[in-house]
Structures are given as structure tokens and as C-alpha cells.
Amino acid sequence: MGSKILVLGDGTGGLVVSNLLAREARRRNLPVEVTLVGRSPLHTYQPGLLFLPFRKPGYRTLADIQRPNADFVVPGVQYLQETITAIDTQAQRVTTDQGVHGYDWLVLALGCRTVVDAIDGLPERWGTRAHGFYTPESALALAGALERFEGGDLVVDIAEMPIKCPVAPLEFAFLVDDYLTKRGLRGRTELTLVTPLTGAFTKPICNEMLTGTLLGRNIKVVPNASLAVVSDKVIACPDGKTVPYDLLVTIPPHEGSELIDDAGLGDGLGFGLTD
């Protein structure tokens, strides 16, 4: 009798681990049944979201960075496009909108999500005065906002940590610096990175080097500044510090999956506890 491995989440993590498990089981001739459960028929190449706002060659539309998820699933993986509703670790079963799936081993690859609603004033301005690039929809909206931008205060803001790919906001700052230079708007733009960290990055040597590189490009760095409130013209930190903006590009707070917390496997923010 073989083992049943259930992988929850069909993003990059879920796809990769499912494929590796199925290939290894086949190579070793093991009686293993691998089932992948997720609700994303399209796979998004997430690093491409960084380039989509600038309409870079090969990154002009969502079709450039999306493919059917089924194209990436290897033989030996049963792929079910279902919405997961509950995880019961005692009974070793997962409930979805299509039924119940038992397992011997469970792999959580449910990813994380941006939570715009966590910041006062941000939902009301999202997609108009405030934008992001961590989701396909926000990246496309930001492309339009950049095309309409004619100069002023452009603020790149990290609301709080942790976030996916901590270097991405820095990459965006450098890309927008280049973009505005090519459009002849850099001299008319005050470009600022606002971060809850002590500088540009987390590790001391990288922090020093990257902060220096930003300043060398005339990109102002405002450290120790998490995001509390967004109004029409300024963002405010918990300590009352404010930064003016005409165009705000923010990375909203990140949370994991509520399914993980509900199953008693999380840290309160939906991220799995690890050993």
C-alpha cells in the first residue's frame, strides 16, 4: 500500500515540490501518490511583475508572464483545481469545494498575499493615487500611472516587514530612476525610498552598499519608517513622521493563509511554524 502525499497550493513552491516528489518516486519505483491542489489555472512568473510597469520588451502584457499551470505538471502528479476550505490534521484530511482528500503526508505551499486593507487610507486610494506591483492587476495599473506621471514626489514605500523578495523595492527604485531619466523627467522628480528597516536592506554589508548606491543615484532613503496612514498628499508613520507624495508606489503588508492558522499550524499571520 502506497503513501498519499497531498500538496496544497499551486504556485511555484507547490508545483516544484510536487514535480520533484513524483520524479523521485518514479526513479526509485516507490508506490507514492502525489496530489496537487490549488485554484490558479494560470501560473504567473512573479519576477516579471517588476518589469511590467515599465513595459519592458517581453513584459508588456500579462500574456507575456502567464502560462497554464497544467503545462508545468509532470506525469505522476494528479492536479486538482479546487478551492481549499479546511485542513484537519487530526483526521489527516483536507476539505475543498469539491470534496474531501485524505493524506499520509501534507505539504503546505499556500504562499502569501498582500493586505491593502491593513493600512488606514490605502484602500480608498489604491489604483488611483497609490499603486503596487506585487500582483498582476496592480502592476498593470502602475504602468498606466507611470505613463501619466509628469514629475513631482515619487515615493517607493515598504509598509512593513516581512515581504516577498525584499530586494524588489530597491530594484523598482533603480528601474524607475532609469525610466524617468529616459523620459526626461528625472530632474523634475524627487525620488524617495521609505522603509521600516535601518537602511536599504537587512544585512549590514548589503545595507551599507545598497543605501550608498541609492544615495549615489539621488534617491533619498527614509529609514525606520513603517507605514501607518495614507492620505491624499502624504504618508504617515506611527511616530508621526510624514513624507509627501504625488505618486505612491507601496508594498502592502504581507500575510499568509488563514487556512494555516485555522488548522493550528500558523504564527497568527498565516505563516507556517517551522522547525
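In which loop is the place of C165? In this predicted model, C165 sits in the loop that runs between β12 and α4, and its backbone there has a positive phi of about 50 degrees although the residue is not a glycine. With a relative accessible area of 42%, C165 counts as partly exposed, because that value falls between the 20% limit for buried residues and the 50% limit for exposed ones. The loop between β12 and α4 also holds P162, which is joined to M161 by a cis peptide bond with an omega of about 5 degrees.

A positive phi also occurs at N29, which is not a glycine and has a value of about 55 degrees. N29 belongs to the loop between α1 and β2, and its relative accessible area of 69% makes N29 exposed, because the limit for that class is over 50%.

From the loop that holds C165 and P162, one can turn to the nonpolar interior. The largest nonpolar core has 35 residues, and those with the most contacts inside it are F133, L146, L154, F172, V176 and L214. At least two residues of this core come from each of α3, β12 (152-158), α4 (168-182), β13 (189-194), β14 (219-222) and β18 (247-251), while the largest share, 8 residues, is supplied by α4. Leaving out residues up to four places away in sequence, V176 touches F54, L146, L154 and L191. A second core, separate from the one just described, has 16 residues, including L122, V194, I235 and C237. As a general tendency, nonpolar side chains in soluble globular proteins are buried together.

Strand β2 offers another view of the interior through L36, which lies in that strand. L36 is buried, because its relative accessible area is 0% and the limit for that class is under 20%. When neighbours within four places in sequence are set aside, L36 is in contact with V7, G9, D10, G14, L15, S18, V73, V77, Q78, Y79 and L80. L36 and A109 are 73 residues apart in sequence, and their C-alpha atoms are 10.0 Å apart in space.

L80, one of the contacts of L36, is also touched by H101. H101 is found in strand β8, which covers residues 99-102, and is buried, because its relative accessible area of 18% is under the 20% limit. Not counting residues up to four places away in sequence, H101 touches L6, L80, E82, Q92, R93, V94 and T96. With E82 there is also a polar contact between the two side chains, at 2.9 Å.

The remaining feature is the largest pocket, in which about 1100 Å³ of space lies. Its lining is made up of 36 residues, and those that lie nearest the centre of the pocket are R39, S40, L110, G111 and C112. Which elements each supply at least two residues of this lining? They are α1 (12-27), β2 (32-38), β3 (42-44), β10 (113-114), α3 (136-148) and α6 (258-262). By residue class, the lining divides into 10 nonpolar, 18 polar and 8 charged residues. The helix α3 thus appears in two settings, since α3 supplies at least two residues of the pocket lining and at least two residues of the largest nonpolar core. Strand β2 likewise supplies at least two residues of the pocket lining, and β2 is the strand in which the buried residue L36 lies.

Terms used:
Residues are numbered from 1 along each chain as its sequence is written. This is a predicted model: local features need pLDDT of at least 70, side-chain atom pairs count only at pLDDT 80 or more; totals for chains, interfaces and linings use all residues. Side-chain values use heavy atoms; hydrogens and water are left out. Helices (H or I, at least four residues) and strands (E, at least two) are DSSP runs, numbered from the N terminus. Buried means under 20% relative accessible area, exposed over 50%, partly exposed in between (1.4 Å probe, protein chains only). A polar contact is a pair of N or O atoms within 3.5 Å; within protein, one must be able to donate a hydrogen and the other to accept it, and residues adjacent in sequence count only if both atoms are side-chain atoms. Contact means heavy atoms within 4.5 Å. On a 1 Å grid over the protein atoms alone, a cavity is a set of points where a 1.4 Å probe fits but cannot get out, and a pocket is an open set with protein on both sides within 12 Å along at least five of seven lines; lining residues have an atom within 4 Å of a point. Grid points are joined across faces, edges and corners, and a volume is the space filled by probe spheres set on the points. Ala, Val, Leu, Ile, Met, Phe, Trp, Tyr, Cys and Pro count as nonpolar, Asp, Glu, Lys and Arg as charged, and the others, Gly among them, as polar. A nonpolar core is a set of buried Ala, Val, Leu, Ile, Met, Phe, Trp, Tyr and Cys residues joined through side-chain atoms within 4.5 Å.
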